[in-house]
Every structure is written in C-alpha cells, then in structure tokens.
Amino acid sequence: MGSEPTLDDEHTRIVTFARSTEIVPDERVRCLEVIDGVEVGRRFVVGPAGARIGRTQPAEIVLVDSEVSRAHCRLMLEGDTLMVADLNSTNGTFVDGVRVREPTALVAGAILRVGRQSLKHEWRTQKEIFQAEELERDLKKANLYVLGLLPEPLREGPIRIEWHYEPCAKLGGDAFGYGALSERQFAFFMIDISGHGAGAAMHSVAVMNILRKRALPGTDMANPAAVLAALNAMFPMEEHAEMYFTMWYGVFDRESRQLDFATAGHHPAFLIDKTRRSAAALRARGGLIGAVSGARYTAERVVVPQRSMLYLFSDGVFEIVTIDGLECGLNDFVPVLLEPPVEGLSESQRLYRAVRRQARPGLDDDFSMMVLEFD
C-alpha cells in the first residue's frame with residue numbers, strides 16, 4: 001500500500017496512486033477527485049487492481065470521515081468499466097445520488113458519494129492531471145487574493161455584518177464590500193461578474209478597488225443611482241473582454257433609518273423584520289453594468305425597522321441543481337431565509353449549510369452571502 005504525492009507545496013492538490021502502478025505519461029488513467037468533503041481537490045489514481053475505500057487502512061483510499069465505514073466500498077475493473085460495490089457500509093455508497101445495492105458502473109463524470117465525501121470519476125492522462133493541478137493552484141491563489149480584499153465582519157455597533165464567501169472550483173467573479181461614508185451614512189454593495197475564471201476575478205477586483213477607494217470622479221457615493229451610472233460609463237463591456245456585471249448598492253442613514261438603494265440587473269436583497277414572518281424584496285429598475293452605454297438607473301427608498309436583518313447575496317446562492325436533478329431558483333430560496341436561526345451558527349453559515357444539503361456535490365458558482373443586522 002502507501003501513497004506517493006506527486007506535488008507538494010502550500011497550495012498543493014495531492015495525487016495518490018491506489019495500489020501502486022506504473023503510469024505512462026500519455027496513457028489514460030482512472031482518477032477519483034474529491035469535489036466535496038474534507039480534502040477537496042485530492043485525486044486518487046485507480047490502477048488495474050482496483051482499490052478499497054474506507055476510513056482506515058488497509059483500505060487503499062483512506063477518507064478521514066466518521067461517516068465512512070472502515071471498509072466502505074470496493075472499486076474493481078470489469079473490462080474497461082470501473083465498477084463499485086458497497087461493503088455493507090453503515091451509511092451506504094451512492095452513484096449520482098442513487099444508493100448502490102449491487103456492483104454498479106462508475107462511468108466517467110459520475111459522482112461517487114461516500115459518507116460526506118463526493119468523488120468525481122475522471123479519465124485522464126498523467127500530463128492532463130499535472131496541467132489541471134497547475135491551473136488549480138493558480139485559481140487557488142486568485143481566490144486567496146480576492147478573499148484578502150473582502151472587509152472584516154462588523155461584530156459591534158448599530159450595524160453588524162457577517163458574511164460567508166465560498167468560491168466555486170471554476171473561480172467566479174463575486175465581490176462585496178461596505179463602509180461608512182459619513183457619521184450618518186453607511187454604504188454596502190454586492191457585484192457578480194459574468195463568466196468564470198481568472199478574467200472574471202480580475203474584473204471584480206478592479207470594480208471592488210474603485211468602490212473601496214471611492215474613485216468615481218464627480219460622483220456622490222451616497223447616491224446609489226449615480227454610482228451605478230458612473231460604473232456603467234467606466235466599464236463598458238466592449239473595452240473589458242465583453243464582461244458585464246450585476247450589482248446591488250445601498251446607503252443607510254442611521255438617523256432617519258432610510259435605506260436608499262439601486263440595482264443593475266441584480267436580483268433583490270431581502271429585508272426581514274424581527275417577527276420573521278415575511279421577506280420584503282428590495283428591487284429597483286436598472287440594466288446590467290457595461291451592457292448599454294448611457295443606461296439610466298433608478299433609486300428606491302425604504303425605512304428599515306428596528307432589529308431587522310438584510311440579506312444580500314449572489315445568484316450562486318439559489319441557482320443550484322439538487323441531488324435529485326431539480327433546478328432551483330430565487331423563489332425556492334426565500335422560504336429558507338425565513339427559517340429560524342441555528343444556535344452556534346451565524347446566519348450566513350446556516351444558509352450555506354442549508355444550500356449544500358440540497359445541492360448536488362460541487363457548487364457551480366460562487367456562494368456569496370452578506371447579512372446585515374440593524375439595531
């Protein structure tokens with residue numbers, strides 16, 4: 001037995017060879033990549049002799065998870081087909097959401113669920129594996145850079161803010177921020193860049209830095225409609241690799257308790273009072289930023305009740321596909337907002353866990369959730 005990591009640095013994704021086997025660089029091999037669980041990104045190469053999956057040795061693929069049995073399931077080759085058989089595990093083995101009752105084919109692209117771990121079956125050459133590792137390290141660094149620009153949570157004061165940001169494997173373009181404009185006025189925003197990858201992340205960083213530094217010439221940052229119009233003029237999509245973005249921008253006045261807000265193609269934020277009986281959708285008219293030159297934006301106003309909460313998030317929070325293959329939207333997510341708090345979890349953590357329970361393994365987009373609590 002034994003494992004042999006092929007790469008090793010502070011952001012390494014580890015490739016382990018189950019039942020050690022010689023790999024020819026251009027020969028395709030079967031890999032299982034952890035896409036959800038404790039060691040996301042770890043890959044196991046399955047050789048001709050197959051492998052056992054379990055919580056401890058002598059399993060060739062060891063997954064440290066209390067919901068994984070010591071001897072959980074077995075992988076074996078039947079011709080060119082990779083098969084999986086459950087070994088009377090306590091919590092079961094699943095392929096694409098279906099419990100394994102007898103030896104089952106694990107085709108390329110299928111998701112194997114073992115305990116709380118989800119592994120995707122890939123069919124790659126060693127060269128492709130190493131290229132994927134290099135790309136993933138670059139995306140990891142880009143994600144860490146974006147994370148470093150996000151503001152610290154506000155734990156005290158008349159406005160308290162906590163958030164949860166979980167980038168997807170593709171690296172999206174979500175960004176958010178907040179800060180005082182004056183003693184009375186407090187601004188906050190959420191943006192979502194079109195597309196994925198390093199380009200989207202770089203675009204979101206550029207927009208976020210403009211807003212953090214309030215570097216919109218001749219623009220009143222306390223006027224949400226003016227802020228969106230200025231950004232639309234600054235970031236036309238034809239000058240930025242055809243990328244556009246949605247945005248929600250609000251300014252809260254501490255004395256009047258009035259919240260002025262404007263949106264640019266972004267779904268509404270939701271205001272929930274202390275009774276938690278209903279969620280008020282805060283939406284305004286305005287098109288995507290960068291899509292149409294000279295677009296006009298309209299600001300709306302609402303009075304924020306005492307002890308209320310505002311939920312501002314990206315579409316990656318609610319646009320999910322469930323483990324049963326159902327596509328969910330915003331209307332499916334609103335009832336989750338109204339569910340009671342969970343002791344020991346922040347609101348954003350509660351919502352992230354609720355989404356992950358429903359979604360198929362591996363979110364397709366960034367999860368960005370910001371929760372503001374007003375005295």
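**View 1. The whole predicted model and its surface.** Accessible areas come from the Shrake-Rupley method with a 1.4 Å probe. On that basis, the protein exposes about 18,300 Å², and carbon and sulfur atoms supply 48% of this area. What you're looking at is a predicted model, not an experimental one. The protein has five helices and 22 strands, and 50% of its 375 residues count as buried. If you're into contact maps, take the contacts between residues at least 6 apart in sequence: 60% of them join residues at least 24 apart.

**View 2. Where the confidence drops.** The pLDDT averages 87 over the protein, with 90% of the residues scoring at least 70. Residues 1–15 are another story, with pLDDT below 50; beyond near neighbours in sequence, this stretch has 35 contacts in the model. Residues 19–24 also stay under 50. For residues 19–24, the model has 12 contacts beyond four places in sequence.

**View 3. Trp163 against Phe176, ring to ring.** Searching the whole structure turns up 11 aromatic pairs. One of them is Trp163 with Phe176, an edge-to-face pair with 5.2 Å from centre to centre and 65° between the planes. This pair ties together distant parts of the chain: Trp163 sits in strand 13 (residues 159–166) and Phe176 in strand 14 (residues 174–180), 13 residues apart. Phe176 counts as buried because its relative accessibility is 1%, and the cut-off for buried is under 20%.

**View 4. Phe188 and Trp248, plus their aromatic company.** The ring centres of Phe188 and Trp248 lie 5.9 Å apart with the planes at 15°, so this pair is stacked. Here, too, the pair links distant parts of the chain: Phe188 belongs to strand 15 (residues 185–193) and Trp248 to strand 16 (residues 245–253), 60 residues apart. Phe188 is buried, at 0% relative accessible area. Trp248 is buried as well, with a relative accessible area of 0%. Zoom out a bit and both rings turn out to be part of one aromatic cluster, made up of Tyr178, Phe186, Phe188, Trp248 and Phe261.

**View 5. Strands 14, 15 and 16, paired up.** Strand 14 and strand 15 make a hairpin, with four residues between them. The two strands run antiparallel and are joined by seven bridges. To find your way along this pairing, use Gly177, whose bridge partner in strand 15 is Phe189. Strand 15 also pairs with strand 16, again in the antiparallel sense, over nine bridges. In that pairing, Phe188 has Gly250 of strand 16 as its bridge partner. How much of the hairpin is hidden? In strand 14, five of the seven residues are buried, so this strand is largely enclosed by the rest of the structure. In strand 15, eight of the nine residues are buried, so strand 15 is largely enclosed too. When you pick out side chains here, keep in mind that in a regular strand they alternate between the two faces of the sheet.

**View 6. Glu122, a buried acid with an Arg43 contact.** Glu122 is part of strand 12 (residues 117–125). This residue counts as buried because its relative accessible area is 8%. The Glu122 side chain makes a polar contact with the side chain of Arg43, at 3.1 Å. Leaving aside residues up to four places away in sequence, Glu122 touches Val29, Arg30, Cys31, Glu33 and Arg43.

**View 7. Helix 3 and what it packs against.** Helix 3 covers residues 224–234, and its buried residues are Pro224, Ala225, Val227, Leu228, Ala230, Leu231 and Asn232. These buried residues pack against helix 2 (198–212), strand 16 and strand 17 (258–264). A handy rule for reading such a list: an α-helix has 3.6 residues a turn, so residues three or four places apart point the same way. Now look at the start of helix 3, where a side-chain oxygen of Asn223 comes within 3.2 Å of the backbone nitrogen of Ala225.

Conventions:
Residues numbered from 1 in each chain as written. Predicted model: local features only at pLDDT ≥ 70, side-chain atom pairs only at ≥ 80, totals over all residues. Heavy atoms only, no water. Phe/Tyr/Trp six-rings, centres within 6.5 Å; stacked < 30°, edge-to-face > 60°. Buried < 20%, exposed > 50% of the residue type's maximum accessible area, 1.4 Å probe, protein only. Pairing = 2+ DSSP bridges. Polar contact = N/O pair within 3.5 Å; in protein donor to acceptor, adjacent residues only side chain to side chain. Contact = heavy atoms within 4.5 Å. pLDDT = per-residue confidence, 0-100.
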